[in-house]
Amino acid sequence: MTDLLSSPWPWYVAGPLIGLTVPALLILGNKSFGISSSLRHICASCLPAGIPFFKYNWQKEIWNLVFVLGILIGGIISVTLWSGSEEVNVHPDLAQELAGYGITDFSNLVPVELMNWESLFSARGLIMMVGGGLLVGFGTRYAGGCTSGHSIMGIANLQLPSLIATVFFMIGGFIMANYILPLILSL
């Protein structure tokens with residue numbers, strides 16, 4: 001059982017399980033899958049400042065907060081019990097390209113040279129962590145949801161806005177990975 005939980009699942013198992021989340025939520029509780037809305041629920045519960053955007057019955061969405069808490073607890077459990085000491089398997093061509101940017105440590109899922117307190121105060125780290133976080137937050141709000149809400153739930157419900165959002169998520173990802181990220185990494 002430990003081997004099953006500690007190793008990556010093949011796409012043909014994990015994909016259908018994620019896909020079955022949509023009808024399960026709809027059938028069991030008439031709920032929509034999405035993660036970004038949970039931040040609004042947290043703010044509405046913690047910030048009784050009278051901001052109109054946060055004035056709604058957030059208790060009705062408590063299931064979403066429990067779902068996100070389960071993701072957090074699951075992540076903590078998996079890191080505690082099943083984090084291996086082996087390096088992440090990176091294709092040699094990618095490793096060579098990243099070495100040109102000073103990234104050589106593949107002992108974590110995210111390279112240590114990119115995500116640490118020291119790099120946060122560099123131009124590269126500030127752009128990636130703070131700028132990236134702001135852009136993700138703005139993009140999520142502007143698109144009316146996150147990738148899980150649009151790409152999993154919205155497309156499954158045959159919503160045209162979700163299909164359009166997903167197409168632009170993909171285009172943005174390709175542009176970022178191939179053109180913008182190399183510029184940022186070279187800083």
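Leaving aside neighbours within four places in sequence, which residues is Ser38 in contact with?

## Ser38 in helix H3

In this predicted model, the contacts of Ser38 beyond four places in sequence are Asn64, Leu65 and Val68. Ser38 belongs to helix H3, which covers residues 37-46. Ser38 counts as buried because its relative accessibility is 5%, under the 20% limit.

## Leu98 and the nonpolar core

Leu98 lies in helix H5, residues 92-99. With a relative accessibility of 15%, Leu98 is also classed as buried. Apart from neighbours within four places in sequence, Leu98 is in contact with Ile103, Phe106 and Leu185. The C-alpha atom of Leu98 is 35 Å from that of Phe33, a residue 65 places away along the chain.

The largest nonpolar core consists of 6 residues: Val90, Leu98, Ile103, Phe106, Leu114 and Leu185. In soluble globular proteins, nonpolar side chains tend to be buried together. Leu114, a member of this core, has contacts beyond four places in sequence with Ile103, Ser119, Arg124, Met128, Met129 and Leu185.

## Helix H9

Helix H9 runs over residues 160-185 and contains 26 residues. From its first C-alpha to its last, H9 reaches 35 Å, close to the 38 Å expected at 1.5 Å a residue. A bend of about 45° occurs in H9 at Met176.

The buried residues of H9 are Ser162, Ala165, Thr166, Ile184 and Leu185. They pack against H5, helix H7 (123-143) and helix H8 (147-156). Leu185 is also part of the largest nonpolar core, and Leu98 of H5 is in contact with Leu185.

## Aromatic pairs and a charged group

The count of aromatic pairs comes to 3. One of them joins Trp11 and Tyr12 in an edge-to-face arrangement, with 5.6 Å between centres and 85° between planes. Trp11 is exposed, at a relative accessible area of 70%; Tyr12 is exposed as well, at 53%. Phe53 and Phe54 also form an edge-to-face pair, at 5.3 Å centre to centre with 65° between the planes. Phe53 is partly exposed, with 31% relative accessibility, whereas Phe54 is buried, with a relative accessible area of 18%.

Where does the charged end of Arg40 sit with respect to Phe53? The charged end of Arg40 is placed over the ring of Phe53, 4.1 Å from the ring centre. The charged end of Arg40 also sits over the ring of Tyr56, again 4.1 Å from the centre.

Methods. Residues numbered from 1 in each chain as written. Predicted model: local features only at pLDDT ≥ 70, side-chain atom pairs only at ≥ 80, totals over all residues. Heavy atoms only, no water. Helix = DSSP H or I, 4+ residues; strand = E, 2+ residues; numbered from the N terminus. Buried < 20%, exposed > 50% of the residue type's maximum accessible area, 1.4 Å probe, protein only. Contact = heavy atoms within 4.5 Å. Core = buried A, V, L, I, M, F, W, Y, C linked by side-chain atoms within 4.5 Å. Expected span 1.5 Å × (residues − 1). Bend = angle between axes of the 7 residues up to and from the residue. Phe/Tyr/Trp six-rings, centres within 6.5 Å; stacked < 30°, edge-to-face > 60°. Lys NZ or Arg CZ within 6 Å of the ring centre and 35° of its normal.
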